Amino acid sequence: MTNELTIVAHHRPEILERILRVVRHRGFTVIKLKMNLENGKIWLDFVVEGERDICLLAHQLVKLEDIIDITTDEECECDE
């Protein structure tokens with residue numbers, strides 16, 4: 001199953017690596033990634049593929065310290 005998610009995070013040297021590690025550990029593969037850096041924040045647009053529910057991934061990503069916001073193409077409780 002393919003899903004889209006957008007992440008807004010504080011720009012730190014290690015944040016992209018942390019996000020990608022969580023994506024991999026949760027059983028998803030990144031199909032497409034677009035990143036913009038502006039005003040000390042990064043906007044990441046992901047297309048991921050995996051067998052698990054995208055909300056499980058979003059719930060894990062939101063726990064990362066520098067994450068500001070996460071939106072997914074499905075309704076998840078962590079969506080603001």
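Helices, taken as H or I, at least four residues, and strands, taken as E, at least two, are DSSP runs numbered from the N terminus. With that in hand, the label α1 can be used: just after α1, Gly-27 takes a positive phi of about 90 degrees. The structure described here is a predicted model.

Start with helix α1, which spans residues 15-25. Its buried residues are Ile-15, Ile-19, Val-22 and Val-23. Looking down the axis of α1, one finds these buried residues within an arc of 100 degrees, so they line one face of the helix. The face turned away from that buried side carries the exposed residues Glu-17 and Arg-24. On the buried side, the residues of α1 pack against β1, β2, β3, α2 and β4.

The second helix can be read in the same manner. Helix α2 covers residues 54-61, and its buried residues are Ile-54, Cys-55, Leu-57, Ala-58 and Leu-61. Seen down the axis of α2, they fall within an arc of 155 degrees, so they too line one face of their helix. The buried residues of α2 pack against β1 (2-10), α1, β3 (41-49) and β4 (67-72).

Return now to the stretch that follows α1. Phe-28 is found in the loop between α1 and β2, the latter being residues 29-38. Is Phe-28 buried or exposed? Its relative accessible area is 5%, and buried means under 20%, so Phe-28 counts as buried. Leaving aside residues up to four places away in sequence, Phe-28 touches Val-23, Val-48, Glu-49, Gly-50, Arg-52, Asp-53, Ile-54 and Leu-57. Among these contacts, Val-23 is a buried residue of α1, while Ile-54 and Leu-57 are buried residues of α2. Another residue of α2, Cys-55, is 27 residues from Phe-28 along the chain, and the C-alpha atoms of the two are separated by 12 Å.

Strand β2 contains Val-30. At 30% relative accessibility, Val-30 counts as partly exposed. Together with Leu-20 and Leu-33, Val-30 makes a nonpolar surface patch of about 190 Å².

After β2 the chain enters the loop between β2 and β3, where Asn-39 lies. The relative accessibility of Asn-39 is 73%, so this residue counts as exposed. Phi of Asn-39 is near 55 degrees, a positive value in a residue other than glycine. For background, most residues other than glycine have a negative phi.

Next come polar side chains. Asn-3 lies in strand β1. With a relative accessible area of 2%, Asn-3 is buried. Which side chain does the side chain of Asn-3 meet in a polar contact? The partner is the side chain of Asp-73, at 3.2 Å. Not counting residues up to four places away in sequence, Asn-3 touches Phe-46, Val-47, Val-48, Ile-54, Asp-73 and Glu-74. Val-48 and Ile-54 also appear among the contacts of Phe-28.

Glu-74 takes part in another pairing. Its backbone oxygen lies 2.4 Å from a polar atom of the side chain of Thr-72. Thr-72 has its place in strand β4, and at 15% relative accessibility it counts as buried.

The last topic is charge. How many salt bridges does a search of the whole structure find? The search finds three. In one of them, Glu-14 pairs with Arg-12, the closest N and O atoms being 3.0 Å apart. Asp-66 also forms a salt bridge with Arg-12, and here the closest N and O atoms are 4.0 Å apart. The pair of Asp-66 and Arg-12 links distant parts of the chain: Asp-66 is in the loop between α2 and β4, Arg-12 is in the loop between β1 and α1, and they are 54 residues apart. The side chains of Arg-18 and Glu-14 meet in a further salt bridge, at 3.9 Å from N to O.

These pairs join up: Arg-12, Glu-14, Arg-18 and Asp-66 are linked in a network of salt bridges. Within this network, Asp-66 is buried, with a relative accessible area of 6%. Arg-12 is partly exposed at 36% relative accessibility, and Arg-18 is partly exposed with a relative accessible area of 31%.

Conventions
Residues numbered from 1 in each chain as written. Predicted model: local features only at pLDDT ≥ 70, side-chain atom pairs only at ≥ 80, totals over all residues. Heavy atoms only, no water. Buried < 20%, exposed > 50% of the residue type's maximum accessible area, 1.4 Å probe, protein only. Contact = heavy atoms within 4.5 Å. Patch = residues over 30% accessible without salt bridge, like charges linked within 9 Å, V, L, I, M, F, W, Y side chains within 5 Å. Areas by Shrake-Rupley, 256 points an atom, 1.4 Å probe, with all protein chains shown as cover. Arc of directions from axis to C-beta. Polar contact = N/O pair within 3.5 Å; in protein donor to acceptor, adjacent residues only side chain to side chain.
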